[in-house]
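Please report on the local features of this model. Cover the contacts, the sheet, the backbone exceptions and the surface.

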Amino acid sequence: WYQNLLDRYHKWIAYQFAWKKERNASMSDLEFPFEYREGQRKIVSGVYHTISTERQIFVQAPTGVGKTMSTIFPAVRAVGAGLGENIFYLTAKTITRTVAEEAFSILKEHGLKFKVITITAKEKLCFCDKTECNPENCLWARGHLDRVNDAVFELWTTQDSYDRDTLLEYAKKWQVCPFEMCLDLAVWVDAVICDYNYVFDPNVYLKRFFGEGTSGEYIFLIDEAHNLVDRGREMYSARLYKEDFLAVKRLVMPYSKKLARSLESCNRELLELKKKCPEHGYQILNDIGVLYLKLLHLHTTMEAFLEDYKQIPERKEILEFYFALTTFLNIADLIDDSYVIYDELKSDGRFMVRLYCVHPANNLKLCLDKGVSTVFFSATILPVKYYMEMLSDTVTDQAIYIPSPFDPEKRQIMVGVDVSTKYTRRSVKEYKRVAEYIRQLFNAHSGNYMVFLPSYKMLQEVYEQMIEGDCSGMELLCQEQNMKEADREAFLDHFSAKRNVVAFCIMGGIFSEGIDLTGERLIGSVVVGPGLPQVCNERKIMMDYFNARKSMEAYAGSSVDGFKYAYLYPGINKVFQSAGRVIRTEADAGVILLLDERFGTGEYNSLFPVEWQDAVFGNFDQISQSIEQFWSNLNLS
């Protein structure tokens, strides 16, 4: 039996050995596939040096430099030189995964041998209308383990690229679960393209690579790294609602008095906390000692219950609560000085206890330490010191800044300082002024424009002011809440099929990053307000946390500032992302108009990228003149 097992395993090891030999040989003469653009050589050399010294680097480089290829190429060469074994290209959005796939394809066209898999969410890979991963309910799960090894081996040895369509094709052929086959295959490939979750999220991470006690020679390439701050906070935070305990208690009462009593015990503990919490406010808790012990007992009782009652109609709701409880207890084990524990009485009347990871660097580092090197890169990772502290906080980290390679004569940055979006100043008068700016921009040079606003309410207010005035020649579009993928594509199709589109979008939303509207498809971006997050208890807690941190001896004299960390830096990043929709290639030309009096202050404009130092500041008449002058000069040239 043992000899037979070794014989079956031998073909895997033999192919892997031969493949790595072929892969590494393909890199010996591999060159960068394009002529180096300005800044690309600096990124390539910086990334390679970082990997070779097993360190981390932060790369700030504007759109158009070619960050994806400039990070993937040196990482691939590092694998060929034995400096790493697997590349993990991590993204926050689906569209950036496509860019990474294209970069690997280009290198393959130039002779690279490299096996690359893209991990797609289980729901998008599942053949079933309803995802129920057990042999009783899923045809593809029945006998999966009997067939999956043969399926993976054939796919691995006959293909080099594994996207969604390829995975579905082979899963259907072998009658196996496509998602589980995808995860099994990932162990044998050279590069994995996936969402942040698969490396960092304690509920989702790939245990094959990042489970307890595991590590490897992984190279992490983290795209759009500015998104990882809030994503990291959310992944390492947890919450429970008192009302859910009562709801589940009602569901289990007919089946188990013991479980109902345990739920009621936790509910009473939460009730005591609720009595002390101010209405619509919150209170900071030193710990959750008594509650934690009761939750542990509840978790054990629920495990036994779920094992005994597998077919009851209420099982789905009970299971969802069990998963939330499990997450809460797992996060509780991570609590250190980067956390704030608090409870809150929500505006809808629900009572919540939250374990809030304000500073995610420690938890992220635990994951990144399982590899050898990490590259954080983004077009908007300013101010870089803030992101270095939030994502790594390691003294040996390096950072490089790549200036824009584009001709400054082809773009105009303008700041209208006679508009205010402060809550106390929002009025019909201000919305009307924003509408006047948009009309002036369009009338000076017709074409496709995007207008980014901080909320759906303001979007609607400005839109109404637009339609009350002269909109002749324009086609007005509005982003809607919860748009499906088909709706998003239809929205963007307007920019390809038509001209003179003025689209109203949400700053920080689905259209403010990760989309490419080159050439005449987009010639201007209007950014209304500095994008500050909405004031809420969570942001207040974050601000207080960093202000308290600043007063600590270890941080005395540092740049830590609660308001900036909780509001200003996240907000200004949304501004940069929205503004970055305009100039995407060397052939593009366009205008970027920022509207808010705060942009005229040093606190805000000191954060502008170096290439924005030629921004024009003024009132409506001055900006109108600047717009017309820009297009006039561009036409003359």
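Thr301 touches Lys258, Leu259 and Ser262, leaving aside residues up to four places away in sequence; contact means heavy atoms within 4.5 Å. Thr301 sits in helix α14 (residues 289–308). Its relative accessibility is 9%, so Thr301 counts as buried. Buried means under 20% relative accessible area, exposed over 50%, and partly exposed in between (1.4 Å probe, protein chains only). Helices (H or I, at least four residues) and strands (E, at least two) are DSSP runs, numbered from the N terminus.

The model is predicted: local features need pLDDT of at least 70, side-chain atom pairs count only at pLDDT 80 or more, and totals for chains, interfaces and linings use all residues. Residues are numbered from 1 along each chain as its sequence is written, and side-chain values use heavy atoms, with hydrogens and water left out.

**The sheet**

Seven strands make an open sheet with parallel pairing, in the order β15-β16-β14-β17-β18-β13-β19. β15 (475–478) and β19 (616–618) are the edge strands; each has a single partner strand, so one side of each lacks a neighbour in the sheet. Neighbouring strands are turned by 15 degrees against each other on average, direction ignored. Two strands pair if DSSP finds at least two bridges between them.

β18 pairs with two strands described here. Strand β17 (residues 524–528) and strand β18 (residues 590–595) run parallel over five bridges. Val526 stands opposite Leu593 in β18. Strand β13 (residues 411–416) also pairs with β18 in the parallel sense, over six bridges. There, Arg411 is opposite Gly590.

How many of the six residues of β18 are buried? Six of the six are, so β18 is largely enclosed by the rest of the structure. In a regular strand the side chains alternate between the two faces of the sheet. Both faces of β18 are covered: Gly590, Ile592 and Leu594 are buried on one side, and Val591, Leu593 and Leu595 on the other.

Helices lie across the sheet strands. α20 (residues 485–497) crosses β14 (449–453), β15 and β16 (501–506), at about 150 degrees to β16. α22 (residues 562–579) lies across β14, β17 and β18, at about 160 degrees to β17. Axes are lines fitted to C-alpha atoms, for helices over the stretch in contact, and angles run from 0 to 180 degrees between N-to-C directions.

**Around α17**

A cis peptide bond joins Leu382 and Pro383, with omega about -5 degrees. Pro383 lies in the loop between β11 (373–378) and α17. Six of the eight residues of helix α17 (residues 384–391) are buried, so this helix is largely enclosed by the rest of the structure. The buried residues are Tyr386, Tyr387, Met388, Glu389, Met390 and Leu391. Just after α17, Asp393 takes a positive phi of about 60 degrees.

**Positive phi in loops**

Two residues that are not glycine are listed here.

| Residue | Phi | Loop | Relative accessibility |
|---|---|---|---|
| Gln175 | about 55 degrees | α7 (164–174) to α8 (178–186) | 31%, partly exposed |
| His280 | about 55 degrees | α13 (257–276) to β8 (282–285) | 48%, partly exposed |

**Surface**

Trp1, Tyr2, Leu5 and Leu6 make a nonpolar surface patch of about 510 Å². Patches take residues with over 30% relative accessible area and no salt bridge, joining like charges within 9 Å and nonpolar side chains (Val, Leu, Ile, Met, Phe, Trp, Tyr) within 5 Å. A salt bridge is a side-chain nitrogen of Lys or Arg within 4 Å of a carboxyl oxygen of Asp or Glu. Areas come from the Shrake-Rupley method with a 1.4 Å probe; for residues, only the protein chains shown count as cover. Tyr2 belongs to helix α1 (residues 2–26). At 55% relative accessibility, Tyr2 counts as exposed.
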